[in-house]
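Biologist: I have a two-part request about this model. Could you take me through a close look at a single part, and then show me how that part sits in the whole thing?

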Amino acid sequence: MTTVDTRRSRPAIVSQAFMVLLTLLFLSPVVWAVVSSFKPAADIIRDPLGFDATSFTLDNFTAMFDSVPLASGFLNTAIVLVLKGTLILFFAPLAGYAFAKYDFPLKNVLFGTVLVTLMLPIIVLIIPLLLEMKEFGWINTYQALVLPDSFGLAFAIFWMRQVIASVPDELLDAARVDGCGEFGIFWRIVLPVIRPGLAGLAVLTVMNIYNDFIWPVVVTTSDSMQTLQVVLSTLAQNISGNTIGADYATITGQLLAASSIALIPLLVIFIVLQKHFINGILAGSVKG
Amino acid sequence: MTAPSALGFRAVRRAPQQGPRWSLLRRRSAPYLFIAPFILIFALFSIYPLTFALRLSFTDWRGTGAATWVGLDNYAYLLGNPAFWASLANSGILWLLIIPAQVVIGLVAAVLLNNAKLRMRGFYRTAFIVPFVTPLVAIAQIWVVVFDQNYGPVNDILGAVGLPDIGWLTTSEWSKPTIALLFLWKTTGFAIIILLSGLQSIDTSVYEAAALDGASRARQLWSITVPLIRRTLMFLVVLQTLAVFQMFAEPYVVTQGGPYNSTTTAGLYLYNHITRADLGTGAANSFLLVIAVMVLSLVFVRLLRPKD
């Protein structure tokens, strides 16, 4: 089979070329935005592709922090992340375990509600949910940012059911024989065994919460309750000409600075946890 | 049922009064208790708002004052309104621009990543998923700057190779492709990983047999790989179809639905009723959209269902 190597070299080069091209396409907007955020605002517009490290400045960042409440946005996002993340990462595996490892009347109907929830995006529920929040007096509160997300929970349950289905039944039965209670089995056997899948779900959940945009836009009415994404989007509205007197270059510079800062936490989380994340997606996805 | 000691639990843990019947009862009720939190959230924040929205969709309520029952007027208004159909068509065109491209690029990249001989596999896998972990609003704003007709780097690059400037965000011909590119850029890495999970479940001996039969790589991809990962493909297509028809933040941030409503997606059109306080029509629109999305999902589930 010595000839195989020479025959294979051409496809290998084509493969590498395809992968390099994809990598460039995927990374260049992020790299461009981060690099540009350090350029003087006027240069970003005059010469978008120019690169002159000697002219790098933090002006865009200082101007941006003066004009938008990015810090309070970060804080609100962090609070929502902790509360909502904890709820989802506890209740989704619990329900996923019930669907994966128990047989009970109405199981299919109940799992059907999970699937239907996946087809009911926040956008179709937004009007009645908003009115419900008014009724509860929850407008501009953390509970409104945290609780009304059946979609997020349903997605996590769907995902966890896939992951937990692969846990061997024998392991659960052995624990049962040992006198372990039903919740004990979940807590001491299932959770430790599915840790990689759970880590994947955690990253996915953190991302979804961090990126959540529509609901925070409609349910927060004061600057002090806005999450990071909402704060960011106000800059984009400035760029479409709503701010009188601010010029395009200045706002573009601030926008790129704010976007770069918003990118950092997720990129760091991802790079630290990337193995878990990718393996988690691999574990939770539908195969075959 | 052996090897209990390996787990380190002692039988003593079971209290004496808990007979077999009690433990059976506990075992029977456990799954309901485990699902209860979801059912509670579902009832409070899906079912309740849905029934409320259903009633709302038969009224002309505008957020204040008394609501008048208008029967099916809201539905009739929407179904007879070209703007409603245009919003669905916009989403449909975006679907066509996005899904086939994503499936093809995703499949090719996943197959290459699945080949142990490919160098720098780990690096590519990480690089591809980076867009997926970037915050959507941040990247949507970067898109606004990158695709700006006069000051953006994309037109700069086009100019450098002698191509004319393109009004990416300002012409109705290019606005949809620009939004589609954003969606593709953001989610194709995720699609690649999903497809990779399907590929990893394939028994590689199938390919050895096919290679012996002299089947080309493209032929193997189409007639062996694709059928074997049908369920994964279905999962991906349904997931992305839902996402495309619910697309909101991308056009909201990048184009605000313009120019000339060319990027007013189904989700954005629905949102516009809220900003006009036209809540009855908005509620009716919600139900029409839910029906459309459900029908589409069922169609794909049917089409991609394994033959067995």
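Modeller: Here is a walk from one residue out to its helix, its chain and the partner chain. Before that, some housekeeping: residues are numbered from 1 along each chain as its sequence is written, and chains are lettered from A and ligands numbered from 1 in the order in which they are written. This is a predicted model, so local features need pLDDT of at least 70, side-chain atom pairs count only at pLDDT 80 or more, and totals for chains, interfaces and linings use all residues.

Let's pick A:Q229, which is found in helix α13 of chain A. Helices here are DSSP runs (H or I, at least four residues; strands are E, at least two), numbered from the N terminus. Is A:Q229 buried or exposed? A:Q229 counts as buried because it has 24 C-beta neighbours inside 10 Å. The cut-offs go like this: a residue is buried if 20 or more other C-beta atoms lie within 10 Å of its own, exposed if 12 or fewer, and partly exposed in between, with C-beta atoms placed from the backbone.

Who are the neighbours? Leaving out residues up to four places away in sequence, A:Q229 touches A:N211, A:D212, A:F213 and A:P216, plus B:P135 and B:V137 from chain B. Touching means contact, that is, C-beta atoms, placed from the backbone, within 7 Å. As for A:I214, 15 residues from A:Q229 along the chain, the two C-alpha atoms are separated by 9.4 Å.

Now a word of caution about that helix. Helix α13 (residues 228–242) of chain A has the lowest mean pLDDT among the elements of the chain, 72, whereas helix α4 (residues 70–101) of chain A has the highest, 94. pLDDT is the predictor's confidence in each residue, from 0 to 100. Over residues 1–7 of chain A pLDDT stays under 50, and the model has 0 contacts beyond four places in sequence for them. Where pLDDT is low, the predicted coordinates should not be read in detail. For chain A as a whole, the mean is 85, with 92% of its residues at 70 or more.

Zooming out, chain A has 14 helices and 0 strands. Buried residues make up 45% of its 288 residues. Its radius of gyration is 24 Å, while a compact globule of 288 residues would come out near 19 Å; that radius is taken over C-alpha atoms, and the globule rule is 2.2 Å times the number of residues to the power 0.38. The C-alpha atoms of chain A fill a box of roughly 75 × 70 × 30 Å along the principal axes. Of the chain A contacts with a separation of 6 or more, 78% are between residues 24 or more positions apart.

Chain B, the partner, has 13 helices and 0 strands, and 42% of its 308 residues are buried. In helix α8 (residues 205–212) of chain B, though, the count of buried residues among its 8 residues is 0. Just after that helix, B:G214 takes a positive phi of about 80°.

Finally, the meeting of the chains: 80 residues of chain A are in contact with 87 residues of chain B. On chain A's side, helix α14 (residues 248–284) gives the largest share, 13 residues. By class, that side has 59 nonpolar, 16 polar and 5 charged residues. Here Ala, Val, Leu, Ile, Met, Phe, Trp, Tyr, Cys and Pro count as nonpolar, Asp, Glu, Lys and Arg as charged, and the others, Gly among them, as polar.

Definitions and conventions:
Contact = placed C-beta atoms within 7 Å.
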